[in-house]
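Trainee: Could we go through the pockets in this one together? I'd like to start with how the lining residues are sorted.

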Amino acid sequence: MLAQLVVTGALIGSVYSLVAVGLTLVWGLMDIINFAHGDFMMISMYTVFWLYALLKWDPLISLPIATFVAAMIGLLTYKLIIKRVVNAPGLMALLATFGLSLFIRNFAQFLWSPNYRFVGESILSGKRLIIFDVIVGLPQLVAALGSIGMTLAVALFIKKTKFGKAIQATAQSREIAELMGVNTERVYMFTFALSGICVGVAGTLLSGIFPVYPESGAMYGLLAFVIVALGGFGNIWGAFYAGIMIGLAETIGGFYLGTQFKYAIAFLIYLLVLQFRPKGLFGW
């Protein structure tokens, strides 16, 4: 049973990690807390659902479209909201994204009602692997592998490409980066779009496993805040490892203490780590 819980926790933790990676990009680069981050994911999940309901498209086929929609929402959020408050006191951006989050959730509820909706039959639904008596659902496995692959792609992009180095330079000092010829406006805009891509992929992979409803992104967004703070602000691999940790704690703790405590356990771990490592486990 413990082996089963560890595998399940690691799989769901991988998806948590990808959601947190999108958040840590914006938080680490611009020092802006995007409260609407989880709601971007909810929109991508609804995109997958409606493509399935209307056109019978499998979530894996809908992946590029849902990801594009989330990326465009991130891009528009920067152009219409964040750009106007990026140089304002931090509380302004926080309140702006909090207001955006409330608007998106309530607008989604107005359009689609608060009812739970499910993607029914898909290519992966009902399929599973049994490895040494440990049952691994194929949808969960594909979601985990897709999340790990996306996290690796983002990390390599930031570390190896010229634009990735521009993002790192802007994160360290916007003024010096501009003196070196970096177009920081483009960097900020692209980073918000990349953040949307991360949650778009995560939302697509989760839509075949969990129900879709207007509040479906809220808890993932909240867990992403905990994971980013736990792993260290702006640290992609820190977010990845912290996401796995939270997934394991949630699954194992929820089984032994009760599912009603699974999120409380995740937040308790963060509070305990905060006492000894205020900058997170992998922060500097």
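Mentor: For the sorting, Ala, Val, Leu, Ile, Met, Phe, Trp, Tyr, Cys and Pro count as nonpolar, Asp, Glu, Lys and Arg as charged, and the others, Gly among them, as polar. Keep in mind as well that this is a predicted model.

Trainee: Okay, so how does the lining of the second largest pocket divide?

Mentor: Its residues fall into 19 nonpolar, eight polar and three charged. The pocket has a volume of about 530 Å³, and of the 30 residues that line it, Ile-12, Tyr-16, Phe-210, Glu-250 and Lys-262 are the closest to its centre.

Trainee: Which element gives the largest share of that lining?

Mentor: That is α1, with seven residues, while β2 (134-137), α5, α9 (218-231), α10 and α11 (262-276) are also among the elements that each supply at least two.

Trainee: And the largest pocket, what's around its centre?

Mentor: The largest pocket holds about 620 Å³ of space, and of its 17 lining residues the closest to the centre are Ile-158, Gln-168, Gly-234, Asn-235 and Ile-236. At least two lining residues come from each of α1 (2-30), α5 (138-160), α6 (162-172) and α10 (236-257), and the lining as a whole divides into ten nonpolar, six polar and one charged.

Trainee: Switching to α10, what happens at its start?

Mentor: There, a side-chain oxygen of Asn-235 reaches to within 3.2 Å of the backbone nitrogen of Trp-237. Just after the helix, Gly-258 takes a positive phi of about 115°.

Trainee: How far apart are the end C-alpha atoms of α10?

Mentor: They are 31 Å apart, which agrees with the 32 Å that its 22 residues should span at 1.5 Å a residue.

Notes
Residues are numbered from 1 along each chain as its sequence is written. This is a predicted model: local features need pLDDT of at least 70, side-chain atom pairs count only at pLDDT 80 or more; totals for chains, interfaces and linings use all residues. Side-chain values use heavy atoms; hydrogens and water are left out. On a 1 Å grid over the protein atoms alone, a cavity is a set of points where a 1.4 Å probe fits but cannot get out, and a pocket is an open set with protein on both sides within 12 Å along at least five of seven lines; lining residues have an atom within 4 Å of a point. Grid points are joined across faces, edges and corners, and a volume is the space filled by probe spheres set on the points. Helices (H or I, at least four residues) and strands (E, at least two) are DSSP runs, numbered from the N terminus. The expected span of a helix is 1.5 Å times one less than its number of residues. A polar contact is a pair of N or O atoms within 3.5 Å; within protein, one must be able to donate a hydrogen and the other to accept it, and residues adjacent in sequence count only if both atoms are side-chain atoms.
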